[in-house]
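Colleague: I am new to this structure and would like a close look at a single part of it, followed by how that part sits among the rest. Could you take me through it slowly?

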Amino acid sequence: MDFAGGLLSALRGIINDVKWSKIGSVSELKKNKVTKLYPDLEDDDDMVIQPDDVLLFYINDDEFYAIDCSCPHAGGSLELGDIEDIDNEISVICPWHSYDFSLKTGESSTGLKTNIYETKVVNNFVYVKCDHRLSKSKYDLNNGAKTNGENSLSKQIVHKPESNTLSCLAKLILNTADPCDKVAVTQKAFNDWKNGVITEIGRDFMPDEPKRLDILETKEPGQIKRGKGGTLKTRIAILHSLANIEQWAIDLAWDIIGRFSSTLVDHKNMPPEFFGDFLKVANDEARHYTMIEQRLKELGSYFGELPVHNGLWQSAQETAHDLLARLAIVHMVHEARGLDVQPKTAQRFLSQNDKESFELLTTVYHDEITHVACGMKWFNYVCVNSNPPLEPVSTFHAIVKKHFKGYLKPPFNTEGRTSAGMSEDWYIPLTKSSQ
């Protein structure tokens, strides 16, 4: 068959099969590793269950693969996953629990399987075969309009960033009330930073306090009742409290980026690595919030059903003037306390045969070790590079005594703290028995 005849036949086949969606030109789609495709609900008025978004991956040599966006294990977005060659299978790795999925078969070495979709390149255009129409524009169920997927985030949020810098994005996050919007902007910013789309730190004024949804009832920390996880009700209360902590943790990671963007150490700006490290922390906390929120829904609850507290932000306000104090109190005292209590909390869930929540909390715990390590890393950096240099451990002790109420309370998770680089000489002298 001649080339023209073959091309005509291929085009006729696609036109006759309404399940094929024309996505875009090869040259356009090759610009990005992955393109998110949305179900065109405008053309599927009778659809009862909204289908998952679809990811179109470009590999090389005009190879395109289409796969469901959500990991079938716990709902993590595969859009944020790395591409690896596993046993000669091109696979995407879920960023939540490292589950691998072959882009060719949808199969995982874990035994799970996700949906894949046939792709074709015809006349330099990419087509994807799916039971419903796909579009690069997201259909808005609220007003019946389509929005460009890349720009839809700015339409969900009251304010737009004044410029594409980390500081402006930090201000945007803090002025965004909906935690799901915080998550979406954070994840996009993290990817843009990694890919070099965002390169500037910038400078901006941070709000005194982050915005919160009106439905949230705020109480003092001591008034929140959680229980020990022996019943479904108390397990929900614990997860709800953790979701609140993760929401504040997103804000705290962004606040240290924006509030201390102009901080000088011996007349020098903090290095870009500092901001990149805390952007990763923000991205981790965003992922944690999403995981916990989803688990709450699976247990018949939702975030906002119970009261919350703002104790963590009180510490942020106390240390808003001093980077060393912020690192010490928020990222080394509070975060390390999380390492002390998290394993026991996870075990309580496991004792109630709640394996899904146990696995979730275990994932959070291992990530939090890296967050304490991040605080340690930059606390030491500021001390060593100050003029004159400061001795890190004694400086930490002095700051905690000044800005933290009371003593550090055992028992301590020595193993977890040591993994984060925090030896006992950092915290044992701050206990009541050592005074």
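Modeller: Let us begin with strand 6, residues 89-93, which is mostly covered, since four of its five residues are buried. Please keep in mind throughout that this is a predicted model.

Strand 6 has a partner on either side of it in sequence. With strand 5, residues 82-86, strand 6 pairs in the antiparallel sense over five bridges, and within that pairing Ser91 of strand 6 is the bridge partner of Glu84. The two strands make a hairpin that leaves two residues between them, and in the turn Asp87 has a positive phi of about 50°. With strand 7, residues 100-102, the pairing is again antiparallel, over three bridges, and here Val92 stands opposite Phe101 of strand 7. Strand 6 and strand 7 also form a hairpin, with six residues between them, and Ser98 in that turn has a positive phi of about 65°.

From the strands we can turn to the nonpolar interior. The largest nonpolar core has 98 residues, and those with the most contacts inside it are Leu166, Trp254, Phe278, Phe379, Phe396 and Trp426. Helix 9, residues 323-351, gives the largest share of this core, with 13 residues. Another core, of 14 residues, lies apart from it and includes Val26, Val54, Phe64 and Tyr117. If neighbours within four places in sequence are left aside, Leu166 is in contact with a set of residues that includes Trp193, Ile198, Trp254, Ile257 and Phe275.

Phe396 brings us to helix 11, residues 392-403, where it is buried along with Pro392, Val393, Thr395, His397, Ile399, Val400 and His403. The cover over these buried residues includes helix 8 (311-318), helix 9, helix 10 (355-385) and helix 13 (424-427). The N-terminal end of helix 11 is capped by Glu391, which has a side-chain oxygen 3.2 Å from the backbone nitrogen of Val393. At 1.5 Å a residue, the twelve residues of helix 11 should span 16 Å, and this agrees with the end C-alpha atoms, which are 16 Å apart.

Finally, consider the charged pairs. Side chains of opposite charge can pair when their charged atoms come close. The structure holds 20 salt bridges, and one of them joins the side chains of Asp204 and Lys171, at 3.5 Å from N to O. Asp204 lies in the loop between helix 5 (179-194) and helix 6 (232-259), while Lys171 lies in helix 4 (residues 166-174), so this pair ties together parts that are 33 residues apart in sequence. Asp204 counts as buried because its relative accessibility is 18%, whereas Lys171, at 25%, counts as partly exposed.

A salt bridge also joins the side chains of Asp251 and Arg212, at 2.6 Å from N to O. Since Asp251 lies in helix 6 and Arg212 in the loop between helix 5 and helix 6, the pair ties together parts that are 39 residues apart in sequence; both Asp251 and Arg212 are buried.

Asp277 and Lys377 form a further salt bridge, in which the closest N and O atoms are 2.8 Å apart. This pair links distant parts of the chain, with Asp277 in helix 7 (residues 272-298) and Lys377 in helix 10, 100 residues apart. Asp277 is partly exposed, with a relative accessible area of 21%, and Lys377 counts as partly exposed at 34% relative accessibility. Salt bridges can also be linked into a network, and here such a network takes in Arg235, Arg295, Glu298, Asp354 and Glu356.

How values were computed. Residues numbered from 1 in each chain as written. Predicted model: local features only at pLDDT ≥ 70, side-chain atom pairs only at ≥ 80, totals over all residues. Heavy atoms only, no water. Core = buried A, V, L, I, M, F, W, Y, C linked by side-chain atoms within 4.5 Å. Buried < 20%, exposed > 50% of the residue type's maximum accessible area, 1.4 Å probe, protein only. Contact = heavy atoms within 4.5 Å. Expected span 1.5 Å × (residues − 1). Polar contact = N/O pair within 3.5 Å; in protein donor to acceptor, adjacent residues only side chain to side chain. Pairing = 2+ DSSP bridges. Salt bridge = Lys/Arg side-chain N within 4 Å of Asp/Glu carboxyl O.
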